[in-house]
Amino acid sequence: MRLKSICLGLLASAFTMSSAADTVFENGVVYTLDEASSRVSALCVSDTGRLKTLETCEPNKKIDLSGQVVIPGFVEGHGHLMGYGEAQLNLNLATAQNLDELVAQVAAAVDQAEPGEWILGRGWHQSKWNETPKMVKGFQTNETLNRVSPDNPVFLKHASGHAAFVNDRALEIAGIDEKTRVAGDGEIIRDTTGRATGVLNERAQNLVSRFVPALSRSQRERALELALDGLANVGITSFQDAGASQSDIRLFQSFLEEGRLTARVYAMITGGDSDMLADWMERGPLIDAGNGKLTVRSIKLVADGALGSRGAWLLEPYSDRAGHSGLPTMPVADMADISHLAYRNGFQVAIHAIGDRANKEVLDIFDALFDGRDRGVRFRIEHAQHLHPDDIPRFGQLGVIPSMQGIHMSSDRPWAIDRLGADRIRSGAYMWKSLIESGAVLVNGTDVPVEPVNPFASYYALVTRMTLAGYPEGGYEPSERLNRETALKTYTVNPAFGAFEEAFKGSLEPGKAADFIVLDRDLLTVAVADIPGTKVLMTVMDGSIIYKSDAAMFQPQVK
Ligand SMILES: [Zn+2]
């Protein structure tokens, strides 16, 4: 007897040493998004944050999922992580229904501010207001803003980022008066008397923004914390940052070292910074630091502007501005040179291209570079919004990844038709399904902070082709709608592929990262109108629960 119990004791200690501490999440409806579209009811997570088969699972903890739906964590395919966090330090003006509400938000901030402190905000959009105030050249004017903030300078970015609304104090600090002119593509909006009305378009924003004090280290840390919390709340476990500065990357690294990086970050180098570019070309890519939490192996370039401001570079003139076809924002030869440099040094290239001309030029660069040799380099076009029909099959043929944002279609399609006309819209705008049918791997995202980071709104756009207000019935160009499973893949496995990371994440399979989320409804079967309101009940990244909702319907029992 005594001998036996000793043996059992030895066995037990051997058992605990070898099995460590697996956790089973059971009694769920798990869409794995693997090749076979498997559905299972439980997941086993090892203490190294990887998934295991249930057969080899040795759990010492069980979590009951109460029958809720589980999918892989979302991979945001294109956003701006620090921009998202910094926007949360400032006023969020996207919720202001009109100019009076915007001014009231500023007034409240002025009450809290130190004398002379800058009041910053983002997200206003005059076309979305429920009342139209006095307008000059399509924009509001700053009289009421001056009244509530005579001494604190105010700088408020448009939702698109392409204009700013400022008060007279800010204009004064910048030295803008009747005589100030802007070089290049910018405009100080003025009334008939020549007075600046407070709106600065495109490059004119820099006249004031250069006086806005840079954030301190602690403010930047706070911004990143807020961004990471925001991602966990909506189920994003990986984030592809479309243009990180050297100091952004240093901040990500320090968060990684301190164990605070709760989303995997795929940071693209800002290609416009030549010193940073040269530095990274010399040292080579950083891949999978911290167990796949930080990778720097992509270079972001910008070929053209946006459609709203008619900066997107088109093959034919804009339908609503004769003789104007937009412009490249960097010389084509420079884009080609940097693409070659990146290719030689083992980096991916991701180029922002919105207009059909910009997309064609970038495809030509990639085509010449690959020269039929290498379809596996996974170069990307960010946005790929408006394409000449002849260029659509080239994505599949060249293996170029279209990294698009479903939510941009839903926000912009109602007015994009004015810029492009019906023919170009129907044959080449937001061509998700045609691109997939060409063999391309479509990546989805939001471009946060240009759009809210909410993945469910972008997913809704992909499956309905409607605005968030549910217009028009049946959707714009409905043949381009995606089925639900395909749409979900554009937010999980496809962006993982777009970052060379599909071997360890994007679907829920043994050996892959335990990055998954629990939802309050089934995205594959729920009524379409109920998709945008989806709530995340729990977010697990690298095997750790990084967010849990306090919804009464879901209180997992730990056994
Ligand atoms: Zn972007």
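**Figure 1. Helix H16 and the elements that cover it.** In this predicted model, the cover over the buried residues of H16 includes two strands, E8 (74–79) and E17 (236–244). It also includes three helices: H14, H15 (432–437) and H17 (484–489). H16 is mostly covered, with ten of its ten residues buried. They begin with Pro455, Phe456, Ala457, Ser458 and Tyr459. Tyr460, Ala461, Leu462, Val463 and Thr464 complete the list. Just after H16 comes Arg465, where phi is positive at about 55°.

**Figure 2. Helix H14 packs against helix H16.** Two packed helices are described by an angle and a distance, both taken between their axes. For H14 (residues 406–428) and H16 (residues 455–464), the angle is about 75° and the axes are 7 Å apart. H14 is therefore roughly perpendicular to H16. From H14, the contact uses Gly406, Ile407, Met409 and Ser410. These meet Ala457, Ser458, Tyr459, Ala461 and Leu462 in H16. By class, the contact of H14 with H16 counts six nonpolar and three polar residues, and no charged ones.

**Figure 3. Helix H2 packs against helix H7.** H2 spans residues 81–89 and H7 spans residues 217–233. Their axes lie 7 Å apart, at an angle of about 100°. H2 is therefore roughly perpendicular to H7. H2 contributes Leu81, Met82, Tyr84, Gly85, Glu86, Gln88 and Leu89 to the contact. H7 contributes Gln219, Arg222, Ala223, Leu224, Leu226, Ala227 and Gly230. Sorted by class, the contact of H2 with H7 holds eight nonpolar, four polar and two charged residues.

**Figure 4. Strand E20 with its partners E18 and E21.** E20 covers residues 294–302. Nine of its nine residues are buried, so E20 is largely enclosed by the rest of the structure. Strand E18 (residues 264–270) runs parallel to E20, joined by five bridges. Here Met268 stands opposite Ser298 of E20. Strand E21 (residues 348–353) is also parallel to E20, again with five bridges. Look for Leu301, whose bridge partner in E21 is Ile351.

**Figure 5. An open sheet of six strands.** The strand order is E3-E2-E7-E24-E25-E26, and the pairing is mixed. The edges are strand E3 (39–40) and strand E26 (544–548), each paired on one side only. Within the sheet, E7 (residues 69–72) and E24 (residues 516–519) run antiparallel. Four bridges join E7 to E24. Val70 has Val518 of E24 as its bridge partner.

**Figure 6. The chain as a whole, for orientation.** The secondary structure comprises 18 helices and 26 strands. The C-alpha trace spans about 100 × 60 × 55 Å along its principal axes. The radius of gyration is 25 Å. A compact globule of 559 residues would have a value near 24 Å, so the chain agrees with that expectation. Of the 559 residues, 48% count as buried. Among contacts with a separation of 6 or more, 71% come from residues 24 or more positions apart.

Terms used: Residues are numbered from 1 along each chain as its sequence is written. This is a predicted model: local features need pLDDT of at least 70, side-chain atom pairs count only at pLDDT 80 or more; totals for chains, interfaces and linings use all residues. The radius of gyration is taken over C-alpha atoms; the globule rule is 2.2 Å times the number of residues to the power 0.38. A residue is buried if 20 or more other C-beta atoms lie within 10 Å of its own, exposed if 12 or fewer, and partly exposed in between; C-beta atoms are placed from the backbone. Two residues are in contact if their C-beta atoms, placed from the backbone, lie within 7 Å. Two strands pair if DSSP finds at least two bridges between them. Axes are lines fitted to C-alpha atoms, for helices over the stretch in contact, and angles run from 0 to 180 degrees between N-to-C directions. Angles under 35 degrees count as roughly parallel, over 145 as roughly antiparallel, 65 to 115 as roughly perpendicular and the rest as oblique. Ala, Val, Leu, Ile, Met, Phe, Trp, Tyr, Cys and Pro count as nonpolar, Asp, Glu, Lys and Arg as charged, and the others, Gly among them, as polar.
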